[in-house]
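Thank you all for coming; I would like to walk you through one model this morning, so please have the sequence and the coordinates open as I speak.

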Amino acid sequence: MGLITGLLEAIFGGGRNVIRETAEVFRANAEGVDQRDLAAFEAALAQHGAEFRDNRSGFDRFIDGLNRLPRPAMALGAIGLFVAAMSDPVWFSERMQGLALVPEALWWLLGAVVSFYFGARHQVKGQEFQREIAQTMARTPQVVTNLRALRTLEGEGAPPPAAPAPVRDPNPALEAWRRAA
């Protein structure tokens, strides 16, 4: 009896599960994988939650609020000018006469400040819009082919109408720039 027990302990590792450890070399322990996945998920969830905690000071919140004011203030101010012009034209004209006295250099400075403030956002949005247009225009030949095929099916073999000639830009410098890009 002691011989069989000693033999089984040698095979199965006396308290260790040699078969399980050997199998885990070839296939991951499902429970261990689930525990690691759960730990990773909990860590990601904690990190995501930490991003939304409001640890800012009152001053930071105040400055963030001020940074959000210029665009709405300018838009509402422009609308307010129209309302003022309609409701009291004399008062509005007096204010506009005052603006006529502002030196041109000060207008240029105001233009530069506004341009720098809004210009970066406008440039980014404009570039995104140009990429969308380019992607749409790249799909145009396929759409024309599909439309011709559909019209052929609809007209039971009637020849499709001729495609319109592509519109060329009369600006040769712009055409050269497009070819270079």
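How many Å² does the protein expose, and what percentage of that do carbon and sulfur atoms supply? The exposed area comes to about 16000 Å², with 66% of it supplied by carbon and sulfur atoms, where accessible areas are from the Shrake-Rupley method with a 1.4 Å probe.

Before going further, a word of caution: this is a predicted model, in which local features need pLDDT of at least 70 and side-chain atom pairs count only at pLDDT 80 or more, while totals for chains, interfaces and linings use all residues. Residues are numbered from 1 along each chain as its sequence is written, and side-chain values use heavy atoms, with hydrogens and water left out.

The protein has eight helices and zero strands, helices being DSSP runs of H or I with at least four residues and strands runs of E with at least two, numbered from the N terminus. Of its 181 residues, 2% are buried, that is, under 20% relative accessible area.

Let me turn to H7, which covers residues 104–154. A straight helix of 51 residues would span 75 Å at 1.5 Å a residue (taken as 1.5 Å times one less than the number of residues), whereas H7 spans only 64 Å between its end C-alpha atoms. At Gly 119, H7 bends by about 45 degrees, the bend being the angle between axes fitted to the seven residues ending there and the seven starting there.

Elsewhere, Pro 70 is found in helix H5, residues 70–87. Is Pro 70 buried or partly exposed? Pro 70 counts as partly exposed because its relative accessibility is 26%, and partly exposed means between the buried limit of 20% and the exposed limit of 50%. The C-alpha atoms of Pro 70 and Phe 118 are separated by 9.9 Å, although the two residues lie 48 residues apart along the chain.

Key
Buried means under 20% relative accessible area, exposed over 50%, partly exposed in between (1.4 Å probe, protein chains only).
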